[in-house]
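Here are my notes on this one, for when you have it open on your screen. Have a look at the fold first, then at the charged pairs.

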Amino acid sequence: MTTLDHSQTKLEKIPVTLFGDPKEASKYVAEHIADLVFKRQATGQPVVLGLATGATPVLVYQELVRMHKQDGLSFKNVITFNLDEYYPISPDSPQSYHYFMNYHLFDHVDIPKENINIPSGTIDKAEVNRYCEEYENKIDAVGGIDIQVLGIGRTGHIGFNEPGSGFRSKTRIVKLDPITISDATREFIKEEFVPRTALTMGVKSIFKARKVFLMAWGEKKAAIVSTAVEGEVTKEIPSSFLQNHPDAEIVLDTTAGTGLSRFKTPWLTGFCEWNDALRKRAVIWLSEKLDKPILKLTDKDYKENELDELIMFPNYSQELNVKIFNELQHTITGWPGGKPNVDDTHRPERALPAKKRVIVFSPHPDDDVISMGGTLLKLVEQEHDVHVAYQTSGNIAVFDDDAIRFAEFAKLLEGALGKDDGVLQNTYDQVVEDLKGKKQGDQNSDRLKIIKGLIRRAEASAACRFCRVKQENVHFLNLPFYETGNIMKKELSDADIGIIKELLVEVQPHQVFAAGDLHDPHGTHKVCLDAIMLALKDLKSEPWTKNCYLWLYRGAWQEWDIEKIEMAIPLSPIDVMRKRKAIFKHQSQKDTPVFPGEDAREFWQRAEDRNSATAKRYDKLGLTEYEAIEAFVKYTF
Ligand code: F6R
């Protein structure tokens, strides 16, 4: 937990408590809850909790369950009110908040069933208004909520109070915002399966809680958190109403806090401890703000934009402009594995050894080409010994109808080759049977998991063939944490880390490329990165690790902040086309992938848009104009 000088936080209108990671932060919130429960138990009084669902509070519930099992925390005196529920939805549906709460909390603690209140997703339409009023009255009748736990949606919603929800809003039926629907697609698999409406406690109902914790994890939340905390109070960002709450607290992990002015633009808070990294950020910020190349920035520009401190000495701004310009220029190289036979003092990669052993880790079977396809092609062309390691099978992201198509193909092939021993005919029949009555998103049978995994494996093989990666250098790791057959994954275990370690020891790479996505703390990319980090940590005593650089790339959704980029690989229009063709090999992910996320574009389009946006930013800062750029950050382990 970090405590700060007041001026650093002066733009923050709600107290913010920051932690290194979501686990620590969740423990903090869980301890607050437990303290109150223990205190009230001592006097025989109940505690009323307002609870949220979604990815954010999962670790809080995990910690409460742990405390119940190990520390004697009882929930006998606890009454709960959940914020919301999809409408209509059956409580048995795995996507329902009833199911979620039982799965993560209620099934594991001793709370009396009659103390649990979750808005009903099955109430008759004609009864909804009366039902909502009763829900509200019930909260008041038990004395109001003591502690309200909240997450925040990317629209700025709390509960399902979407933009436009007024301060006085009460428990009611609401229409979900398209962004929320698209975020929920993750659970419902297809957007059309997401209910369009929900029942939610209102802003007023939440506001009445005596203490409110709003939690957020991951970079994906950074922008909306800073708007809610530092922006105007407006019904367009319902969470901003908490600025007026007498005891609201924002609990963040470091990445969710990165949008706050104290980190992003500390010079605007009037308290800035300058260092090289901040100076670089400030110069880039100023150049982009004024839409002026770095080398054209003047003292006046610095002065008028609260950067006086950077121009204290004569000519300093000019020197600084040149310094930052050079630093950015030195990130650019067409030689991702290092350029042989040249001075490498200002190059991101070493010249030697000229032929490097490289492992490109890809969390799903297509992240390698989507995120660094251009670089991968160059590494192979420049004759490095390139290995690609697919960390997970990606088998949940294949549509059922693709599975049946391939099962049929196998059956037909068996017949066409005259090897009709019926095995594949039988498999096909069983797949048809498995799919009867199965809705997209229901648990896959083992057979379906295998077929879907193989579809993705063959696609990844095809992409590697296209990129001329040797087939013996293509590794399918099928990490066990992923193999649940549905969205909820297992915890990372020694088995996962062991598999990564084995490959690292076998290849002894000079370069490792890995997905450095931190925006989704529970997401597969982050877990896959953790597995690599833990493996490298364990192997630290091996001599080859001293000579191994770890380069992080970003997934399809996001780019590194420009000031963080340490290696920028420019792509020509031809490189971009070749990368596109490599991505096209992932046919099961084309058109509409199973998990499109919030973005309707196909992966190749997102990749191209992002790589060309990075090139444009470099160009506008005054550097050479390229068609596209793939960017990497070096991680010291
Ligand atoms: C859930 C709820 C929502 C979520 C929010 C963040 O009960 O009311 O407001 O808290 O959408 O969701 P996650 O935590 O999944 O990012």
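The points below go from the sheet to the salt bridges and end with a surface patch.

1. First, a caveat: this is a predicted model, so read the distances and accessibilities with that in mind.

2. Start with the open sheet. It has seven strands in the order 1-10-9-6-2-3-5, and the pairing is parallel. Strand 1 (16–19) and strand 5 (116–117) sit at the edges, each pairing on one side only.

3. At the strand 1 edge, the neighbour is strand 10 (residues 248–253), paired in the parallel sense over four bridges. If you want one pair to click on, Phe 19 has Asp 253 in strand 10 as its bridge partner. Helix 1 (residues 22–42) packs on this sheet and touches strands 1, 2, 3, 6, 9 and 10. The direction of helix 1 makes about 145 degrees with that of strand 10.

4. Now the charges. Side chains of opposite charge can pair when their charged atoms come close. Over the whole structure, the search turns up 43 salt bridges. I picked out a few.

5. Lys 211 and Glu 249 are the pair I'd look at in the sheet: their closest N and O atoms are 2.8 Å apart. Lys 211 is in strand 9 and Glu 249 in strand 10, so the salt bridge links parts of the chain 38 residues apart. Buried or exposed, Lys 211? It counts as buried, because its relative accessibility of 14% is under the 20% cut-off. Glu 249 is buried as well, at 8%.

6. Arg 130 and Glu 134 make a salt bridge within a helix, with 2.4 Å from N to O. Both belong to helix 4 (residues 128–141) and lie four residues apart, about one turn. Each is partly exposed: Arg 130 has a relative accessible area of 40%, and Glu 134 has 41%.

7. Lys 436 and Glu 433 form another salt bridge, at 3.2 Å between the closest N and O atoms. Here Lys 436 is exposed at 58%, while Glu 433 is partly exposed at 48%.

8. There is also a network to check: salt bridges link Lys 378, Glu 381, Asp 575 and Arg 578.

9. Last, something without charges. Tyr 99, Tyr 103 and Met 488 form a nonpolar patch on the surface, and together they have about 280 Å² of accessible area. Where does Tyr 99 sit? It is in helix 3 (residues 97–104), and at 33% relative accessibility it counts as partly exposed.

Note on methods:
Residues are numbered from 1 along each chain as its sequence is written. This is a predicted model: local features need pLDDT of at least 70, side-chain atom pairs count only at pLDDT 80 or more; totals for chains, interfaces and linings use all residues. Side-chain values use heavy atoms; hydrogens and water are left out. Patches are made of residues with over 30% relative accessible area and no salt bridge: like charges are joined within 9 Å, nonpolar side chains (Val, Leu, Ile, Met, Phe, Trp, Tyr) within 5 Å. Accessible areas come from the Shrake-Rupley method with a 1.4 Å probe; for residues, only the protein chains shown count as cover. A salt bridge is a side-chain nitrogen of Lys or Arg within 4 Å of a carboxyl oxygen of Asp or Glu. Helices (H or I, at least four residues) and strands (E, at least two) are DSSP runs, numbered from the N terminus. Buried means under 20% relative accessible area, exposed over 50%, partly exposed in between (1.4 Å probe, protein chains only). Two strands pair if DSSP finds at least two bridges between them. Contact means heavy atoms within 4.5 Å. Axes are lines fitted to C-alpha atoms, for helices over the stretch in contact, and angles run from 0 to 180 degrees between N-to-C directions.
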